[in-house]
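Please load the model in your viewer and keep the selection panel at hand. The stops below go from one strand and its partners to a pocket.

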Amino acid sequence: MNRRRIRCMVAFMLLPAYAWSTESSWRPELYRQISPEAFLKLPAVNEPIDFDAIDFPLLHAAVLYLTNAERAQRGLRPLEYNPALERAARGHSADMRDRDFYGHMSPVRGKRTPNQRARAEGFRGGRIGENVAMGFGIQYQSGQSVVKLDGGHFSFKRNGGPIPPHTYLSAARTVVSDWMNSPGHRANILRPVFRWIGVGAVHHRDPRMEGMHRFHYTQKFGT
């Protein structure tokens with residue numbers, strides 16, 4: 001069995017002015033009903049991710065709430081959920097996965113730029129910002145050596161137990177932390193002018209990493 005080191009990737013861009021399973025514990029109206037403190041205590045948010053039945057709206061919500069927590073710490077107003085930006089973010093994450101590219105410039109006609117993607121989904125605001133990232137579905141940190149076990153699991157040791165999956169909260173915390181540790185991403189998250197946000201994630205098993213569970217994430221911001 002091979003030991004290997006795997007890296008996580010993030011990228012950002014600032015520009016001037018999909019459907020998923022209906023079996024979700026999260027609905028858009030809950031953004032206005034559940035406080036940040038209450039959200040962190042929700043049982044579903046702290047459950048390990050089942051990769052056969054991922055609750056994507058809940059994962060998006062976790063990223064959104066933790067993004068707003070970073071803004072709140074600095075006295076900035078919270079970003080508001082926007083369904084058009086969420087659709088654009090989800091679509092771009094899916095395109096990156098399905099078309100095997102990573103970044104802000106897409107090969108998809110009519111959705112080549114962050115601005116085009118937002119407009120194509122009906123967003124009629126002004127300035128657009130975008131963060132993208134790739135993260136792991138299991139509790140693995142970039143650069144660590146791992147061993148692939150029978151059954152498609154991974155371990156830090158040849159005779160060790162499987163690396164556990166992230167919870168929705170820990171997956172979101174990891175990607176938001178990565179963005180906050182990168183100046184360009186951080187600037188987008190903390191830009192006072194932004195008012196709206198949409199988050200979109202997709203999952204796949206990366207064949208270049210022997211089938212490790214991965215997520216593509218996109219955040220889209222708007223004024």
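Is strand β7 (residues 196-206) largely enclosed by the rest of the structure or largely open, and why? In this predicted model, nine of the eleven residues of β7 are buried, that is, under 20% relative accessible area, so the strand is largely enclosed by the rest of the structure.

With β7 still selected, add strand β3 (residues 80-81), which runs parallel to β7 and is joined to it by two bridges. To find one of these contacts, pick Tyr-81, whose bridge partner in β7 is Ile-197.

Next, select strand β8 (residues 212-222), which pairs with β7 in the antiparallel sense over eleven bridges. A convenient place to inspect this pairing is Ala-201, which stands opposite Tyr-217 in β8. Then follow the chain from β7 into β8: the two strands form a hairpin with five residues between them, and in the turn Glu-210 has a positive phi of about 55°.

For the last stop, turn to the largest pocket, which holds about 350 Å³ of space. Of the 18 residues that line the largest pocket, select Tyr-31, Leu-64, Asn-68, Pro-78 and Leu-79, since these lie nearest its centre. The elements that give two or more residues to this lining are α1 (30-33), α2 (36-40), α3 (56-72) and β3, so the strand β3 that you selected beside β7 comes into view again. The largest share, five residues, comes from α3. Colouring the lining by class should show twelve nonpolar, two polar and four charged residues.

Key
Residues numbered from 1 in each chain as written. Predicted model: local features only at pLDDT ≥ 70, side-chain atom pairs only at ≥ 80, totals over all residues. Heavy atoms only, no water. Buried < 20%, exposed > 50% of the residue type's maximum accessible area, 1.4 Å probe, protein only. Helix = DSSP H or I, 4+ residues; strand = E, 2+ residues; numbered from the N terminus. Pairing = 2+ DSSP bridges. 1 Å grid on protein atoms, 1.4 Å probe; cavity = no way out; pocket = protein on both sides within 12 Å on 5 of 7 lines; lining within 4 Å. Points joined across faces, edges and corners; volume = space filled by probe spheres on them. Nonpolar A, V, L, I, M, F, W, Y, C, P; charged D, E, K, R; others polar.
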